[in-house]
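Trainee: Got a few minutes? I'd like to go over how the labels on this model are earned.

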Amino acid sequence: MSIFNFKARIAVTLVLVLMIFMGAAVTMQVEAESLTLATTSSTEDSGLLGELLPVFEERTSYDVDVIAVGTGQALETGRRGDADVLLVHAPELEKEFVEDGYGTDRYYIMNNDFIIVGPADDPAGLAELDTTEEAMYAIKETGEAGELTFTSRGDGSGTHFQEEQLWQAAEIALEAEVEGRSWYNSLGQGMGPTLTAANEMGAYTLTDRGTFLSMQDELNNLEEIFAGPEELDNPYSIMPVNPETHDVDYEGALGLVKFFLERETQDMIGEFGVEDYGEPLFLPGLF
């Protein structure tokens, strides 16, 4: 065999090996499927999804694309079929989503609670009150007296929906008595930016506990002022989008549901935040 032929065979072999490796890489890329999760911003802002989703991705062939918005926007994303599965926290809106045929079912996975945070001097005196009705009335009256500012997410999120429910329960007409007032700021922002704005303004706001704890080091002007009543409970559910309504990856969605319901994942939820904040940011819903 001539040296030329020998070198040619080596070159051909190297080309074939390179093609095999390139083919394997392409195959691996093809095998990695994309699953779209539309979720409330609190699960992203708190860092919880950053802790959990890599575990799911490592166990499966899925890469999870997260759309972190308010619950209202997440539900609308599901209605359009632009997500495979939703993780949200507005029970009444979730029930409506399923009843209207956009979701197949709701699976309760965890909860935390809503709290009202504000300046340490607490001009509305919320810390001395027992009920949310008293708290919302005190915010309105103190705001009208020019002694406080309140920031609202104003973005159609689960937290915003909860705030609206609290005004209604206190028999305060949101549109007539609150919105547009100089003391009330509707921001149209997620929980993180709303907390940042409240901190800068020395204002009160309604927040989920998890996001507040995760950002507490950045919020020197805010303290937890009011918490406790049952109506401030904040449950989270996961819902697959209905494959009979939209062309979605229902199998992948069910896989993510199953992952969140597993004991190991529930334990991870219960442990998340304890080391850094001394308490969990979310409580597992099943164990």
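Mentor: Sure, let's take some labels one at a time and check each against its cut-off.

Mentor: Keep in mind that this is a predicted model. The protein chain has 287 residues, 46% of them counted as buried, and its secondary structure comes to 13 helices and 10 strands.

Trainee: Why is Glu94 called buried?

Mentor: Buried means under 20% relative accessible area. Glu94 has 0% relative accessibility, so it counts as buried. Glu94 sits in helix α5, residues 91-99.

Trainee: What makes a residue a contact of Glu94, and which ones does Glu94 touch?

Mentor: Contact means heavy atoms within 4.5 Å. Leaving out residues up to four places away in sequence, Glu94 touches Val88, His89, Arg106, Ser237 and Met239.

Trainee: How do you know that the span of helix α11 agrees with its number of residues?

Mentor: The expected span is 1.5 Å times one less than the number of residues. Helix α11 covers residues 250-261, 12 in number, so it should span 16 Å, and its end C-alpha atoms are indeed 16 Å apart.

Trainee: Which residues of α11 are buried, and what makes them line one face of the helix?

Mentor: The buried ones are Gly252, Ala253, Leu256, Val257, Phe259 and Phe260. Looking down the axis of α11, they fall within an arc of 160°, so they line one face. Glu251 and Lys258, on the other side of α11, are exposed, which means over 50% relative accessible area.

Trainee: What makes a residue part of the lining of the largest pocket, and which lie closest to its centre?

Mentor: A lining residue has an atom within 4 Å of a pocket point. The largest pocket holds about 230 Å³ of space. It has 14 lining residues, and those closest to the centre are Pro91, Gln162, Glu231, Asp233 and Pro235.

Trainee: Which element gives the largest share of that lining?

Mentor: That's α7, with 4 residues. Helices α5 and α7 (158-169) and strand β9 (233-240) each supply at least two.

Trainee: Last one: where does Glu147 lie, and which residues does Glu147 touch?

Mentor: Glu147 is in the loop between α6 (132-144) and β5 (150-152). Apart from residues up to four places away in sequence, Glu147 touches Pro123 and Thr142. Pro123 is 24 residues from Glu147 along the chain, with 6.7 Å between their C-alpha atoms.

Terms used: Residues are numbered from 1 along each chain as its sequence is written. This is a predicted model: local features need pLDDT of at least 70, side-chain atom pairs count only at pLDDT 80 or more; totals for chains, interfaces and linings use all residues. Side-chain values use heavy atoms; hydrogens and water are left out. Buried means under 20% relative accessible area, exposed over 50%, partly exposed in between (1.4 Å probe, protein chains only). The arc is that of the directions from the helix axis to the C-beta atoms. On a 1 Å grid over the protein atoms alone, a cavity is a set of points where a 1.4 Å probe fits but cannot get out, and a pocket is an open set with protein on both sides within 12 Å along at least five of seven lines; lining residues have an atom within 4 Å of a point. Grid points are joined across faces, edges and corners, and a volume is the space filled by probe spheres set on the points.
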